[in-house]
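Open the model in your viewer and keep the selection box handy. We will go from stop to stop, picking residues and looking at what surrounds them.

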Amino acid sequence: MKQQVYRQIVALIRQASQLAQTIGIRNLLQPGLVKEMIIADLLGHELIDSKRDADAHAMSDPSEKYEYLSCIEGGSGQLDRMFKEPPEKRAQSLTRITRNTKIYLAVFEKQNQINCKVIYELEPSDVLTEANRQLDQSRNAISHISFSENWAREHGRVVYQISSSHD
């Protein structure tokens, strides 16, 4: 029984991967990509599927870039592998924040992680301030910078919220 379900899931993923390739997405299973697709769709953004760039841009203006952070309820969105030092690597790491017009934290439901519960819009300047604060306090040269839903609620604004009548 389980084996049949696994086979069905793999077959559907193969179909989805083939569909993704028709629009230039070569690695549908790239970490975070499916959630980025969900967020971009909810916000009306154009997905950027390159790992080295921002996550999305405005439909009408490719220079208006957005970064997406995501987590499940009770978790934190992260910017991974941010350098505290040396100064040039720190500055390069921080461009992952400063290159963006807005940054979004999307919180997905714990019970059904395909459902986005809420999305907070954050100003890059606020995210930069918090990132610098966390880097300054870190004992490591390379750190993960975390942003909780409570922090986003305090510093951002809700731009999407799931309706209470969803299935």
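Start by selecting Glu67, which has a relative accessible area of 8% and therefore counts as buried. Bear in mind as you look that this is a predicted model. Glu67 belongs to strand β3, which covers residues 61–72. Now show what lies around this side chain: leaving out residues up to four places away in sequence, Glu67 touches Ala54, Asp55, Leu79, Arg96, Arg99, Asn100, Lys102, Ile103 and Tyr104.

From that list, pick Arg99. The side chains of Glu67 and Arg99 meet in a salt bridge, at 3.3 Å from N to O. This pair links distant parts of the chain, with Glu67 in strand β3 and Arg99 in the loop between α3 and β5, 32 residues apart. Is Arg99 buried or partly exposed? Its relative accessible area is 26%, so Arg99 is partly exposed.

**Along β3**

Stay on the strand and select Lys65 together with Asp53. Their side chains form another salt bridge, with an N to O distance of 2.9 Å. Asp53 sits in the loop between β1 (45–47) and β2 (56–58) while Lys65 lies in strand β3, so this pair ties together parts that are 12 residues apart in sequence. Colour by accessibility here and you will find Lys65 partly exposed at 22%, and Asp53 partly exposed as well at 24%. The structure holds eight salt bridges, and we will visit one more below.

Next, move to Ser70, also a resident of strand β3. Ser70 is partly exposed, with a relative accessibility of 30%. Try a C-alpha to C-alpha distance from Ser70 to Glu36: the two are 34 residues apart in sequence and 8.4 Å apart in space. Not counting residues up to four places away in sequence, Ser70 touches Lys35, Ile39, Ser76, Gly77, Leu105, Ala106 and Phe108.

**Helix α4**

Now select residues 124–137, which make up helix α4. How far apart are its end C-alpha atoms? They are 20 Å apart, which agrees with the 20 Å that 14 residues should span at 1.5 Å a residue. Highlight Pro124, Val127, Glu130, Ala131, Gln134 and Leu135, the buried residues of α4. Turn the view to look down the axis of α4: these buried residues fall within an arc of 135°, so they line one face of the helix. The face turned away from that buried side carries the exposed residues Thr129 and Gln137.

What do the buried residues of α4 pack against? Show β4 (76–83), α3 (87–98), β5 (102–108), β6 (116–122), β7 (142–148) and α5 (149–155) to see their partners.

Within the helix, select Arg133 and Glu130. These two form a salt bridge, the closest N and O atoms being 2.7 Å apart. Both lie in helix α4, three residues apart, which is about one turn of the helix. An α-helix has 3.6 residues a turn, so residues three or four places apart point the same way. Glu130 counts as buried at 11% relative accessibility, whereas Arg133 is partly exposed at 39%.

**A visit to α3**

Step across to Arg90, found in helix α3. Is this arginine buried or exposed? Arg90 counts as buried, at 14% relative accessibility. Leaving aside its neighbours within four places in sequence, Arg90 is in contact with Phe83, Lys84, Asn132, Leu135 and Asp136. Leu135 is one of the buried residues of α4 that you highlighted a moment ago.

**The surface at α1**

Switch on a surface and select Met1, Val5, Tyr6, Ile9, Ile13 and Leu29, which make a nonpolar surface patch of about 630 Å². Val5 has its place in helix α1, residues 2–21, and is partly exposed at 34% relative accessibility.

**Zoom out**

Finally, show the whole chain as a cartoon. There are five helices and eight strands, running α-α-β-β-β-β-α-β-β-α-β-α-β from the N terminus on. Along the principal axes, the C-alpha atoms fill a box of roughly 55 × 35 × 35 Å. Of the 167 residues, 37% count as buried. The accessible surface comes to about 10300 Å², with 49% of this belonging to carbon and sulfur atoms. Among contacts with a separation of 6 or more, 58% are between residues 24 or more positions apart.

Notes: Residues numbered from 1 in each chain as written. Predicted model: local features only at pLDDT ≥ 70, side-chain atom pairs only at ≥ 80, totals over all residues. Heavy atoms only, no water. Patch = residues over 30% accessible without salt bridge, like charges linked within 9 Å, V, L, I, M, F, W, Y side chains within 5 Å. Areas by Shrake-Rupley, 256 points an atom, 1.4 Å probe, with all protein chains shown as cover. Salt bridge = Lys/Arg side-chain N within 4 Å of Asp/Glu carboxyl O. Helix = DSSP H or I, 4+ residues; strand = E, 2+ residues; numbered from the N terminus. Buried < 20%, exposed > 50% of the residue type's maximum accessible area, 1.4 Å probe, protein only. Expected span 1.5 Å × (residues − 1). Arc of directions from axis to C-beta. Contact = heavy atoms within 4.5 Å.
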